[in-house]
Structure formats: C-alpha cells, structure tokens
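This report describes a pocket and the ligand associated with it.

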Amino acid sequence: MDDKDLVRAALEAREKAYAPYSEYRVGAALITRSGRVYTGANVENASYGLSVCAERVAAFKAVSEGDREFEAIAVATGNGVLPCGACRQVLAEFGPDMRVIVADSEGNMRTYRLSELLPGRFTRADLR
Ligand code: THU
C-alpha cells in the first residue's frame with residue numbers, strides 16, 4: 001500500500017467520525033511494519049473531555065492487536081492539519097521516526113517525520 005492508498009483509507013475512515021459537538025471530522029489510517037492497516041475516526045462524547053482523537057483510536061487498535069511497530073499514519077481533516085500533541089506522544093511510543101502524512105478533504109497531502117513534529121518526546125528512559 002502506498003501513501004496515496006493510505007490517505008484514501010484515512011478519508012474513508014473520516015466518514016465514520018462521530019463529531020456532533022465540534023463538527024470537526026478526522027480520519028486516520030495507520031500502517032505497521034507487518035503491512036497491516038488500522039483505521040480510526042474521532043469519537044466525541046456529551047461529556048466533552050472523554051472524546052478521543054482519530055489517531056489514538058487507530059494506534060490503540062493496532063497495539064491491542066499486538067502490532068507495535070508503526071511505519072506511517074495518514075490523517076485526513078477538512079483543512080489538512082497536523083495531529084495534536086497528545087497523539088504525537090502516543091504515536092512516538094511505537095514509531096519514533098514514523099512518517100506522518102496529513103491530507104485535506106481534497107486529498108492534498110504533505111509528509112513529515114514524527115521526530116520533527118515532536119522533538120524531546122517523553123520516553124521510558126525518562127522514568128529512571
Ligand atoms: N481531533 C482529532 O481527532 N485529532 C487531532 O489530532 C486533533 C483533534 C478531534 C478531537 C475532537 O473530536 C475534534 O477533533 C475537535 O478537537
């Protein structure tokens with residue numbers, strides 16, 4: 001699967017976003033070293049703070065299936081923005097140098113490395 005396919009999967013996942021409060025819809029498609037793809041969409045709640053981002057839904061689906069080596073994630077929004085800080089930290093645990101492809105609803109894409117988006121990430125070494 002190439003980056004365009006991954007973006008297509010993220011755009012499709014975005015259709016499943018549950019975002020009645022913000023009306024900001026996000027879709028994600030994460031590919032692991034094994035070549036498997038996990039999708040996610042943001043899921044909001046009437047108790048706002050319980051809402052979960054699309055990227056974390058995809059990440060937790062992968063890890064809970066035993067797939068822990070992240071290669072790339074495509075994130076689709078209406079305006080092609082970058083993942084939030086919390087999601088960057090979660091992704092960095094399983095793919096510190098993974099590619100992050102952001103796309104808008106027209107499919108325009110831009111690629112980054114997670115290491116450039118989150119310098120100084122908190123790691124297990126910091127727990128000592
Ligand atoms: N959201 C994501 O899904 N990913 C991000 O990286 C940023 C924000 C969602 C959370 C919430 O449902 C909506 O976008 C507005 O913040």
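About 220 Å³ of space lies in the largest pocket, the volume being that filled by probe spheres set on grid points joined across faces, edges and corners. A pocket here is an open set of points on a 1 Å grid over the protein atoms alone, where a 1.4 Å probe fits, with protein on both sides within 12 Å along at least five of seven lines; lining residues have an atom within 4 Å of a point. Of the 17 lining residues, Tyr-24, Val-26, Asn-42, Cys-53 and Glu-55 are the closest to the centre of the pocket. Helix 2 (residues 54-64) contributes the most to this lining, with three residues.

This is a predicted model, in which local features need pLDDT of at least 70 and side-chain atom pairs pLDDT 80 or more, while totals for chains, interfaces and linings use all residues. Residues are numbered from 1 along each chain as its sequence is written, and side-chain values use heavy atoms, without hydrogens and water.

The ligand sits in the largest pocket, meaning that more than half of its atoms lie within 2 Å of the pocket's grid points. Three residues place an atom at the following distances from a ligand oxygen atom.

| Residue | Protein atom | Distance to a ligand oxygen |
|---|---|---|
| Asn-42 | polar side-chain atom | 2.9 Å |
| Ala-54 | backbone N or O | 3.0 Å |
| Cys-84 | backbone N or O | 2.9 Å |

The protein covers 76% of the 370 Å² of accessible area that the ligand has on its own (Shrake-Rupley method, 1.4 Å probe).

Notes. Polar contact = N/O pair within 3.5 Å; in protein donor to acceptor, adjacent residues only side chain to side chain. Helix = DSSP H or I, 4+ residues; strand = E, 2+ residues; numbered from the N terminus.
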